[in-house]
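Student: Before accepting the labels attached to a model, I would like to see how each one follows from its criterion. Could we go through some of them together?

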Amino acid sequence: MTQREWAEKDYYADLGVSKSASHDEIKKAYRKLARENHPDKNPGNKAAEDKFKRVSEAYSVVGDEDKRREYDELRSALSGGFRFPGTGTGAGAGGMGGMGGRNFDFDVSDLFGGGFGGAGGSTGAGTGGLGDFLGGFVNRGAASGRPKARRGADVETEITLDFREAAQGVTIPLQLTNPSPCTNCNGSGAAPGTHPVTCTTCNGSGFTKEQKGAFAFSAPCPDCGGQGTRIEHPCPECDGTGVTTRRRTITVRVPAGVVDGQKVRLAGQGEAGLRGRPAGDLFVTVHVRPDEVFTRSGNDLEVTVPVSFGELALGGTITVPTLGDKIRVRVPAGTADGRTLRVRGRGIPKRNGTPGDLLVTVRVKVPKNLDDNATSALRSYVEAERASGFNPREDWAGAK
Ligand SMILES: [Zn+2]
Ligand SMILES: [Zn+2]
């Protein structure tokens, strides 16, 4: 099968779903059709067998989020008028003349290099992931002798933490409902007590080769969907997929110092791979609620502490909250309003190395109402201040 033929297959139609069907809808459709048309249930029924093969092939592509995206991209590239050089009906074959007569495994990344760039590069530059995917897809069987293991899909979720939890790190339980290894067959897809057998069509390679003129094409084996093995007795719980969707609780350890919007990756906690293949990863986007007291700047923790004029003028010691215990911070006599005092090492922990600092900003709070005592004391203070020669606007440019 050429890539062009491959792209022109309508896997969505084979599964009876729309192009925009969700992953779950696709899986549901596949399982229903696979069950109905399974060769064990329809001995000697060629139509059912063909349908079963088509459905398996379709699901091996659009049931896999990565492959599906690339399949969709390839299809839209083709419908946009792009034709694979050399794979059309005779038209482009001349372009490959330099290679005529040689048998080789079709390397589409070379084609892309030639087709798009004209320089014959093999990187598929300018084609995004498409060239990479096609190169890998077409040559996978030839290059490694085995299809590359397809992992389960990655999963994304979100959590919201308090500011202090995010700053200090926290371990929280997270409930997930997504495809997990089937507990009945331990993810193998084979009914307990049975084992998958090597696919006889592709001898376990997962790929079939087809000779077309000068070219040998590799394509995923239609009988095993590129798996290399077939399950003769599917596990009844998971219909041979090795995967069931269930609710499970995992523990997420969020490291100290995580910032709002940051993603934490949990390797292997995504969707289970089909038939025991490795699971995808779980990406947890962390949201952080603002705190009433603290803000942060990198790993420095910021806090603004209200003080009186007297505390700044005379100096003193103020009590300041931290992520842990409260601490006492000395304010030097004559400290200006709005000044920031740095307390080393009392900020947000770093994963390695010294923690950030605590930045304490002092802000004068002016009393709204004073009692008679305080009022007369303040009046005599203002007189004394004047007598001492202090003029708050002395150096102020606005006074000149
Ligand atoms: Zn199972
Ligand atoms: Zn096979």
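Tutor: What follows is a short series of questions on the labels used for this predicted model, with each value set against its cut-off.

Student: What makes the arrangement around the zinc ion (ligand 1) tetrahedral?

Tutor: The zinc ion (ligand 1) is coordinated by the SG atoms of Cys-182, Cys-185, Cys-235 and Cys-238, at 2.3 Å, and a sulfur atom counts as a donor within 2.8 Å of the metal. Four donors are called tetrahedral if all angles lie between 85 and 135 degrees; here the angles run from 105 to 114°, and the arrangement is therefore tetrahedral.

Student: Why can Cys-185 and Cys-235 be said to tie together separate parts of the chain?

Tutor: Cys-185 lies in the loop between strand 3 (170–181) and strand 4 (197–198), whereas Cys-235 lies in the loop between strand 7 (229–230) and strand 8 (243–254), so the pair joins parts that are 50 residues apart in sequence. The donors of this zinc ion (ligand 1) follow the spacing C-x2-C-x49-C-x2-C, and both Cys-185 and Cys-235 are buried.

Student: How do you know that the arrangement around the zinc ion (ligand 2) is tetrahedral?

Tutor: Its protein donors are the SG atoms of Cys-199, Cys-202, Cys-221 and Cys-224, lying 2.2 to 2.3 Å from the zinc ion (ligand 2) and following the spacing C-x2-C-x18-C-x2-C along the chain. The angles subtended by the four donor atoms are 104 to 115°, and with limits of 85 and 135 degrees the arrangement counts as tetrahedral.

Student: Why is the pair of Phe-163 and Phe-294 called stacked?

Tutor: Rings pair if their centres lie within 6.5 Å, and planes under 30 degrees apart count as stacked. The ring centres of Phe-163 and Phe-294 are 6.5 Å apart and their planes stand at 15°, so the pair is stacked. The pair links Phe-163 in helix 8 with Phe-294 in strand 11, 131 residues apart.

Student: How do you know whether Phe-163 and Phe-294 are buried or exposed?

Tutor: Buried means under 20% relative accessible area. Phe-163 has 8% relative accessibility and therefore counts as buried, while Phe-294, with a relative accessible area of 1%, is buried.

Student: What makes Val-382 partly exposed?

Tutor: The partly exposed class lies between the 20% and 50% cut-offs, and Val-382, at 32% relative accessibility, therefore counts as partly exposed. Val-382 lies in helix 10, and together with Phe-309, Leu-370, Leu-378 and Tyr-381 it makes a nonpolar surface patch of about 420 Å².

Key: Residues numbered from 1 in each chain as written. Chains lettered and ligands numbered in written order. Predicted model: local features only at pLDDT ≥ 70, side-chain atom pairs only at ≥ 80, totals over all residues. Heavy atoms only, no water. Donors = N, O, S within 2.8 Å, 3.2 Å for Na, K, Ca; no water. Tetrahedral: all angles 85-135°; square planar, octahedral: opposite > 155°, others 65-115°. Patch = residues over 30% accessible without salt bridge, like charges linked within 9 Å, V, L, I, M, F, W, Y side chains within 5 Å. Areas by Shrake-Rupley, 256 points an atom, 1.4 Å probe, with all protein chains shown as cover. Salt bridge = Lys/Arg side-chain N within 4 Å of Asp/Glu carboxyl O. Helix = DSSP H or I, 4+ residues; strand = E, 2+ residues; numbered from the N terminus. Buried < 20%, exposed > 50% of the residue type's maximum accessible area, 1.4 Å probe, protein only. Phe/Tyr/Trp six-rings, centres within 6.5 Å; stacked < 30°, edge-to-face > 60°.
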